[in-house]
Amino acid sequence: MIVVAGTGLVGTHAAEQLRRRGHEVRSVSHKTVNEIDPTLVEVVLLAHGGDHARLARRFLEADCHVVSVSDETKDVLALLDLNGDALAAGRTLVLGAACSPGLSGLLVSYLSKKLDDTDEVHIAVHGTGGPECARQHHDVLSGTALGWHEDDWLRRPAGSGRELCWFPDPIGSRDCYRADLADPLLIKHAFPHLARISARTSATRRDRLTARLPMLTPPRVQGDMGALRVEVRGSRNGERAVEVAGTAHPMAQIAGSVAASVAHELRRQAHFGTPVPPGARALGDNTLPNDALLDDIMQAGVRIQSFYGVQ
Amino acid sequence: MKLIRRALLALSVAGAIAATLRLKGKSVVPPQQGGWRDISSSK
């Protein structure tokens, strides 16, 4: 059985996708997930707001695979610390299985194959899933943004570093800023050779101005249109080259589809006797079936596009 | 007069440093125009 903890937009979408694939799924609120007998659970998908590390530890100790959609930096660091627990249990903990992080890692893996070697990854994200995700987006513009720059973590104020990024239609161009995003941490975890990693999120002047205040308007219950843009730089045939890919869909659909595909793949591989190696893994990690996951996400209706440009 | 000379010196030093950094930077020019096309498979 697969348990989906979280009954928001992302959790609901993921549970629906898993049911369509024929899995036995139980959707519960994160407040009632402790009432479930973990011995009946093969995979637990944590798709609720708030911290995931405590629940992830509990289910790993009960020999369950865990998929987390958390994109909150402190929570992701706590989840990375569960690597030892996952190894001891012989189970896989997939972190940041949403849009950014999540699909971003899969696109880095996909684009890297088009280059001889890669050294830079630059990610931009637009939009929010459900209300919890919108609150998270509000907070990320007021903290410290992490980026990897030539063998060191670069800390810059969130909301700085404006860059005009082009997303697939219908989103188009948006001003994007550094933010307290977990993507650089997980991209570095999955691709340790990279020399530069940055992540930005789109924001308006009002977003930046009110980032340090409580949210002035309540988040939209039905979520937002989202988009992701991943730019990979490296070399091909001895020359510098850039590859770009992205997507534009309702954010909850992207995040839910990625989370469902990861849970589906973990269960499928375990059933075929080819389990994913245990430990804490980020999408894009070469021990994960990244191609199969990306194909599965596309089959679930997420349209992935690549940018063809003239330099 | 001395103040103007100092200001001009500071500006030219700053300009020289900026030019050096810009020329030595290894960033590539990202695509400036183009469009998006669908990817049908990861292969």
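## A walk through chains A and B

Start by selecting the buried residues of helix α7 in chain A: A:D183, A:P184, A:L185, A:L186, A:I187, A:H189 and A:A190. Keep in mind as you look around that this is a predicted model.

**Stop 1: helix α7.** Show the whole helix, residues 183-190 of chain A. Why is α7(A) described as largely enclosed by the rest of the structure? Seven of its eight residues are buried, so the surroundings wrap most of the helix. A residue counts as buried if 20 or more other C-beta atoms lie within 10 Å of its own.

**Stop 2: its partner, helix α5.** Now add residues 103-112 of chain A, which form helix α5. The axes of α5(A) and α7(A) are 10 Å apart, and the two helices pack at an angle of about 40 degrees. That angle makes α5(A) oblique to α7(A). As for handedness, the crossing of α5(A) past α7(A) is right-handed.

Which residues make this meeting? On the α5(A) side, select A:S104, A:G105 and A:V108; on the α7(A) side, select A:D183, A:L186, A:I187 and A:A190. Colour them by class and you will find four nonpolar, two polar and one charged residues in the contact.

**Stop 3: two domains.** Zoom out to chain A and give each domain a colour. Domain 1 covers 2-98 + 253-302, and domain 2 covers 103-250. Their C-alpha centres lie 22 Å apart. Where they touch, domain 1 of chain A contributes 24 residues and domain 2 of chain A contributes 25.

Look at the domain 1 side of that contact. Four helices of chain A each supply at least two residues to it: α1 (9-20), α3 (73-80), α9 (251-271) and α10 (290-299). By class, the residues on this side of domain 1 of chain A are 14 nonpolar, seven polar and three charged.

**Stop 4: a loop residue.** Next, pick A:D81, in the loop between α3 and α4 (83-89) of chain A. Is A:D81 buried or exposed? It counts as exposed, because it has 12 C-beta neighbours inside 10 Å. Then add A:A280 and draw a line between the two C-alpha atoms: they are 8.2 Å apart in space, although 199 residues separate A:D81 and A:A280 in sequence.

**Stop 5: chain B.** Finish by selecting chain B, which has one helix and one strand. How much of chain B is buried? Of its 43 residues, buried ones make up 2%.

Methods. Residues are numbered from 1 along each chain as its sequence is written. Chains are lettered from A and ligands numbered from 1 in the order in which they are written. This is a predicted model: local features need pLDDT of at least 70, side-chain atom pairs count only at pLDDT 80 or more; totals for chains, interfaces and linings use all residues. Domain bounds come from an automatic or database domain assignment. Two residues are in contact if their C-beta atoms, placed from the backbone, lie within 7 Å. Ala, Val, Leu, Ile, Met, Phe, Trp, Tyr, Cys and Pro count as nonpolar, Asp, Glu, Lys and Arg as charged, and the others, Gly among them, as polar. Axes are lines fitted to C-alpha atoms, for helices over the stretch in contact, and angles run from 0 to 180 degrees between N-to-C directions. Angles under 35 degrees count as roughly parallel, over 145 as roughly antiparallel, 65 to 115 as roughly perpendicular and the rest as oblique. A crossing is left-handed if the near helix is turned anticlockwise from the far one by less than a right angle, and right-handed if clockwise.
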